[in-house]
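Colleague: I have not seen this structure before. Please take me through it.

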Amino acid sequence: MAAKEKILIAVDETETSFRALRYVARLVCGMEEVEVCLLHIYPEPPPDFYMQGGILDDYRKEQDDKAGRVFSDGRELLVKAGVADGVITTDNRYAEGRTISEELIKVRKEGEYTTVVVGKRGVSRAEEFLFGSISNTLAQHSGNFTTWIVGSDD
């Protein structure tokens with residue numbers, strides 16, 4: 001029996017994220033030895049959040065609600081494409097004290113995922129230089145796992 005393929009898909013509400021989901025769906029529909037985890041990671045609130053009267057519990061609830069909608073839509077997309085509902089799980093994480101990239105690598109390692117899938121976002125070279133990019137971080141750390149970076153149609 002072949003080892004089970006464990007696929008971690010970073011998701012959010014963007015079209016790029018759903019493009020990555022559609023790509024995975026085409027590749028894994030009908031596969032029996034597969035697990036698919038939809039992962040939503042949200043960052044710490046912006047620096048001025050608390051000065052503007054923000055409350056962390058409210059921020060986290062808002063992010064949890066957003067993740068719930070993304071998970072529901074993502075699961076629906078995968079199931080309609082032929083991926084068995086029973087192989088799909090979800091994980092919502094708060095990247096407290098870490099970047100989203102660092103949290104993604106941590107989750108990948110904890111779950112022993114064999115493949116990580118992200119949608120490539122169009123960031124400027126200046127933004128990439130200042131903040132890095134998730135796809136670049138994954139490419140740098142993918143020595144013992146496969147990374148799929150799904151680009152845009154442009």
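## Questions on the fold

Modeller: Let us begin with one helix: α3 (residues 100–111) lies across β1, β2, β3 and β4, and runs at about 140 degrees to β3. Please note that this is a predicted model.

Colleague: How many helices and strands does the protein chain have, and in what order do the elements run?

Modeller: The secondary structure comes to five helices and five strands. From the N terminus on, the order of the elements is β-α-β-α-β-α-β-α-α-β.

Colleague: In what order do the strands stand in the sheet, and is the pairing parallel or antiparallel?

Modeller: Strands of a sheet pair through backbone hydrogen bonds, either parallel or antiparallel. Here five strands make an open sheet, and the pairing is parallel. The order is β3-β2-β1-β4-β5.

Colleague: Which strands stand at the edges, and why does each have a side without a neighbour?

Modeller: An edge strand has a single partner strand, so one side of it is left without a neighbour in the sheet. The strands at the edges are β3 (88–94) and β5 (146–150).

Colleague: By how many degrees are neighbouring strands of this sheet turned against each other on average?

Modeller: Direction is ignored in this figure. The average turn between neighbouring strands is 20 degrees.

Colleague: Over how many bridges does β1 pair with β2, and over how many with β4?

Modeller: β1 (residues 5–10) pairs in the parallel sense with β4 (residues 115–119), and L8 has V116 as its bridge partner there. On the β2 side, I7 has V36 as its bridge partner. The pairing of β1 with β2 is over six bridges, and that of β1 with β4 is over three bridges.

Colleague: Is β2 largely enclosed or not, and why?

Modeller: The answer rests on how many of its nine residues are buried. Eight of them are, so β2 is largely enclosed by the rest of the structure.

Colleague: At what angle does α1 run to β5?

Modeller: Helix α1 (residues 15–28) lies across β1, β2 (34–42), β4 and β5. The angle of α1 to β5 is about 125 degrees.

Colleague: What span should α2 have, and what are its end C-alpha atoms apart?

Modeller: Helix α2 (residues 56–80) has 25 residues, and at 1.5 Å a residue these should span 36 Å. The end C-alpha atoms agree with this, at 36 Å apart.

Colleague: Which residues of α2 are buried, and what covers them?

Modeller: An α-helix has 3.6 residues a turn, so residues three or four places apart point the same way. In α2, the buried residues are Y59, Q63, A67, V70, F71, G74, L77 and L78. Their cover includes α1, β2 and β3.

Colleague: Which residue after α3 takes a positive phi, and which one after α2?

Modeller: After α3, the phi is about 50 degrees; after α2, the phi is near 110 degrees. The residue after α3 is E112, and the one that follows α2 is G82.

Colleague: Is L78 buried or exposed, and what is in contact with it?

Modeller: L78 is in helix α2 and counts as buried, at 0% relative accessibility. V24 is 54 residues from L78 along the chain, yet their C-alpha atoms are separated by 8.3 Å. Leaving aside neighbours within four places in sequence, the contacts of L78 are L21, A25, V36, L38, V83 and I88.

Colleague: Which residues touch the most other members of the largest nonpolar core, and which element gives the most to this core?

Modeller: In soluble globular proteins, nonpolar side chains tend to be buried together. The largest nonpolar core has 22 residues, of which I9, V11, L21, L38, L78 and V117 touch the most other members. Elements that give two or more residues to this core are β1, α1, β2 and α2. The element that gives the most, with six residues, is α1.

Colleague: Which side chain makes a polar contact with that of H40?

Modeller: H40 is found in strand β2 and is buried, with a relative accessible area of 3%. Its contacts beyond four places in sequence include V11, Q63, F71 and N92. The polar contact is 2.8 Å, and the partner side chain is that of N92.

Conventions. Residues are numbered from 1 along each chain as its sequence is written. This is a predicted model: local features need pLDDT of at least 70, side-chain atom pairs count only at pLDDT 80 or more; totals for chains, interfaces and linings use all residues. Side-chain values use heavy atoms; hydrogens and water are left out. Two strands pair if DSSP finds at least two bridges between them. Helices (H or I, at least four residues) and strands (E, at least two) are DSSP runs, numbered from the N terminus. Axes are lines fitted to C-alpha atoms, for helices over the stretch in contact, and angles run from 0 to 180 degrees between N-to-C directions. Contact means heavy atoms within 4.5 Å. The expected span of a helix is 1.5 Å times one less than its number of residues. Buried means under 20% relative accessible area, exposed over 50%, partly exposed in between (1.4 Å probe, protein chains only). A polar contact is a pair of N or O atoms within 3.5 Å; within protein, one must be able to donate a hydrogen and the other to accept it, and residues adjacent in sequence count only if both atoms are side-chain atoms. A nonpolar core is a set of buried Ala, Val, Leu, Ile, Met, Phe, Trp, Tyr and Cys residues joined through side-chain atoms within 4.5 Å.
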